[in-house]
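Trainee: I would like to go through the helices of this model and ask what lies behind each label.
Mentor: Go ahead.

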Amino acid sequence: MRNAATVRAEAAPSGPLGDRARRVRYVWRALSRQRLPAAALGLLLVLALGAVFARSILPLHPNVMSADTLMPMSSAHPLGSDYLGRDVMTRVVYGIRASFLVGLSVAGIAMSAGLIVGLVAGYYGGWGEHLLMRVADALLILPGFFLALLVAYLFGGRLFSVIILLGFTGWPQIARIARAEVLSLKTTEFVESARAVGASNRRIVFREILPNALPPVLAMMALLTSYGILSEASLSFLGVGDPNVISLGGMLTNGLQYATTAWWVPTFPGAAIFLLVLLLNIVGDGLSIALNPQARQLRMGAGRS
């Protein structure tokens, strides 16, 4: 007769999804085999490290003004200086730091809230599921950016408020994906086996269902991060961002008037926004393929042909 430990071990999903460390290695190998997403991820990590340690590696302060106004690229100012004599490269790096902060925070809030709602709605069902999904549908109808624009215009675009609002409007997509995964997983054999040995609903949800529902949700992480970066940059470009934060969007809008006389002032902040969003979308596509075995097999088959 099998004991509870044996049944519980058999209840765990087999293969790459059965072990957390093996699952991470499996996804990493699948992502690293894709040259473009792997290169994009590497470049993102370099940019993130540069932004985090900007104070240590950059000699100039982003807000220090000098007499070198609108100076072209030189050894003193590798990307030139702006209309107040501030170093453009230093400000771009600090702007990238703010962009990462906003993007990752928005993605983290949206994923946390969406996963909780999706897990609860999908596993327990009933009137609670109906209510939560109708709330999600209502928020999906609302244009998140324009709601953030309205709130920023009326109450000020403080960075913390922008992050909370963008994260709040981004969770419904995650909730719908998580709910669909839970609905397909809660009747599987390993979940039924865990339920048969007396596992609590909490253990089943967080130890059995959640790890297997994460892959399609994780693929949305990069897209939510780029959504947060673009939204914050757009708010700053429109003049309703946080004035106390060095923002790429704010640098872009302040430098547009010098586009013909000092092209580097608006060009490099705009290029930084474009590069961040492009790299995140490439990584997101790579994660989607790495976390979806069917898509990966189709791509490999197309590559062979």
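**Helix spans, bends and crossings**

Mentor: The model is predicted. Start with helix α10 (residues 201-237): for its 37 residues, a straight helix at 1.5 Å a residue would reach 54 Å, but the end C-alpha atoms are only 47 Å apart.

Trainee: Where does α10 bend, and by how much?
Mentor: The bend is at Leu-210 and amounts to about 50°. A proline, Pro-211, follows within four residues. After α10 comes Gly-239, with a positive phi near 85°.

Trainee: What span should helix α8 (residues 159-185) have, and what do its end C-alpha atoms give?
Mentor: The 27 residues of α8 should span 39 Å at 1.5 Å a residue, and the end C-alpha atoms are 38 Å apart, so the two agree. There is still a kink of about 30° in α8, at Trp-171, shortly before the proline Pro-172.

Trainee: Why is α3 called oblique to α12?
Mentor: The axes of helix α3 (residues 35-52) and helix α12 (residues 264-290) cross at roughly 135° and come within 8 Å. Roughly antiparallel needs an angle over 145 degrees, and roughly perpendicular covers 65 to 115. The angle falls in neither range, so α3 is oblique to α12. The crossing is left-handed.

Trainee: Which residues meet there, and how do they divide by class?
Mentor: From α3, the residues include Leu-36, Pro-37 and Leu-47; from α12, they include Leu-275, Ile-282 and Gly-286. The contact has 13 nonpolar residues, one polar and no charged. Gly counts as polar, so Gly-286 is the polar one.

Trainee: What describes the packing of α5 and α6?
Mentor: Helix α5 (residues 88-124) and helix α6 (residues 126-141) pack at about 140°, their axes 7 Å apart, in a left-handed crossing.

Trainee: What makes one residue of that contact charged?
Mentor: Val-117, Val-120, Ala-121 and Tyr-124 of α5 meet Gly-126, Glu-129, Leu-132 and Met-133 of α6. Six are nonpolar, one is polar and one is charged. Glu belongs to the charged class, so the charged residue is Glu-129.

Notes
Residues are numbered from 1 along each chain as its sequence is written. This is a predicted model: local features need pLDDT of at least 70, side-chain atom pairs count only at pLDDT 80 or more; totals for chains, interfaces and linings use all residues. Side-chain values use heavy atoms; hydrogens and water are left out. Axes are lines fitted to C-alpha atoms, for helices over the stretch in contact, and angles run from 0 to 180 degrees between N-to-C directions. Helices (H or I, at least four residues) and strands (E, at least two) are DSSP runs, numbered from the N terminus. Angles under 35 degrees count as roughly parallel, over 145 as roughly antiparallel, 65 to 115 as roughly perpendicular and the rest as oblique. A crossing is left-handed if the near helix is turned anticlockwise from the far one by less than a right angle, and right-handed if clockwise. Contact means heavy atoms within 4.5 Å. The expected span of a helix is 1.5 Å times one less than its number of residues. The bend at a residue is the angle between axes fitted to the seven residues ending there and the seven starting there.
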